[in-house]
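Me: I would like to go through the aromatic contacts in this model and the reasons behind their labels. Please look at the structure first.

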Amino acid sequence: MRVHPRFHSDQLQVVVSFYVLEDLTQKIGGELVKIIDVMPSGSEPHEFEPSTQTMMTLTNASLILILGNDFEPWFKDAYDNVKHAGQEVVVVSEGIPTLINQENKQIDPHIWTSIRNIITMMENIKAALIKADPSHQNTYEANFEKAKAEFVDLDAQYQTVVDQRKRDVFITNHAAFGYLAQDYGLTMIPIMGLEPDAEPSASVMAKIIDLVKRYSIPYILYEMRPMRMWPRRSPMNRGQDRHPETGRKPQYGPDPSRR
C-alpha cells in the first residue's frame, strides 16, 4: 500500500485501486489530494487479495476510485464488507466502450493503454473530485485541461510515428494493447491471453514464430514477469528483444525478481 507524500490534514483523501489511477488522480488533484494506492508495488492486480490493512483503508475512505471492467475481481466482496453511507465509489472506465475477446467472451480491462481513453478516465476523475470537493472546482478543471493538452499532444506524436510505419502487426506476450491498436489501426498478436501469467502452448509458439518470419518483425513487446519462460523456446535473435519500458534485454528462464 502506498500513500502519496506531502499529506496535509485539509487534503481530500482518495483511495485508488492501482498505480494508473494514482498517477491520473495526482495530475488532476495536485496538492489538494492525499492518494492511497491499495495495490502494493509490483503486485499483480489479477492475483491481489486485500489485507486487513487494505480493508481498514477502504472502510475509512470517503472516495474510492476503481477501474472496473473486471480488473479488480477482489473489490466487490471486499466492498460489501466495508461500505457505509456517505462513501462514494467511482468506476473510472465509465463511458468507455470495452473490447471483448470473441473466443472466451472475456472483457479486456486494459483501457489505459489508449491515450484517448486516458482523457476520458481523467474526465471521470475530475468529476469525482469536484463532487467530493466543490470548493476547489476551478483548480481541478485547470489541472485537467493542462493534463489533457499533454495527452492530446502525445496522441498526435503517436499518430505521426504510426503514419510512417512499415507494418501494421505487432507481437506482445500479454493481450494488453488492444485499445492502443484500435486507436491507430494496428493489429496486436498476443502470445498469451488477457491473464498475464498464462503459458503459451507449443502450437501457439509455432504460429508466433511463423508470424515473426512472415512479417519480419524485429521486436516483441513483453512484461518481465510473464515472459520468464517462453524465450527459452524461441529461435529468434535474443539480442533483438527488449523490455518495452526499460529497453533492457530479457531475463531468460525463471525471473529472479518474481515481483
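Me: What makes K126 a charge over the face of F144?
Reply: In this predicted model, K126 lies 4.5 Å from the ring centre of F144. The cut-off is 6 Å for NZ of Lys, together with an angle within 35 degrees of the ring normal, so K126 is counted as lying over the face of F144.

Me: How many aromatic pairs are there?
Reply: The count is eight. One of them joins F48 and W74.

Me: Why is the pair of F48 and W74 called edge-to-face?
Reply: The centres are 5.0 Å apart and the planes meet at 80°. A pair needs centres within 6.5 Å, and edge-to-face needs over 60 degrees, so F48 and W74 qualify on both counts.

Me: What does this pair tie together?
Reply: F48 is in the loop between strand 3 (33-37) and helix 2 (52-60), and W74 is in the loop between strand 4 (63-66) and helix 3 (75-82). The pair therefore links parts that are 26 residues apart in sequence.

Me: How do you know whether F48 and W74 are buried or exposed?
Reply: Relative accessibility is 9% for F48 and 8% for W74. Buried means under 20%, so F48 is buried, and so is W74.

Me: Why is the pair of F71 and W112 edge-to-face?
Reply: Its planes are 75° apart, with 5.2 Å from centre to centre; the angle is over 60 degrees and the distance within 6.5 Å, so the label applies. Both F71 and W112 are buried, and they form one aromatic cluster with F18 and Y19.

Notes. Residues numbered from 1 in each chain as written. Predicted model: local features only at pLDDT ≥ 70, side-chain atom pairs only at ≥ 80, totals over all residues. Heavy atoms only, no water. Phe/Tyr/Trp six-rings, centres within 6.5 Å; stacked < 30°, edge-to-face > 60°. Helix = DSSP H or I, 4+ residues; strand = E, 2+ residues; numbered from the N terminus. Buried < 20%, exposed > 50% of the residue type's maximum accessible area, 1.4 Å probe, protein only.
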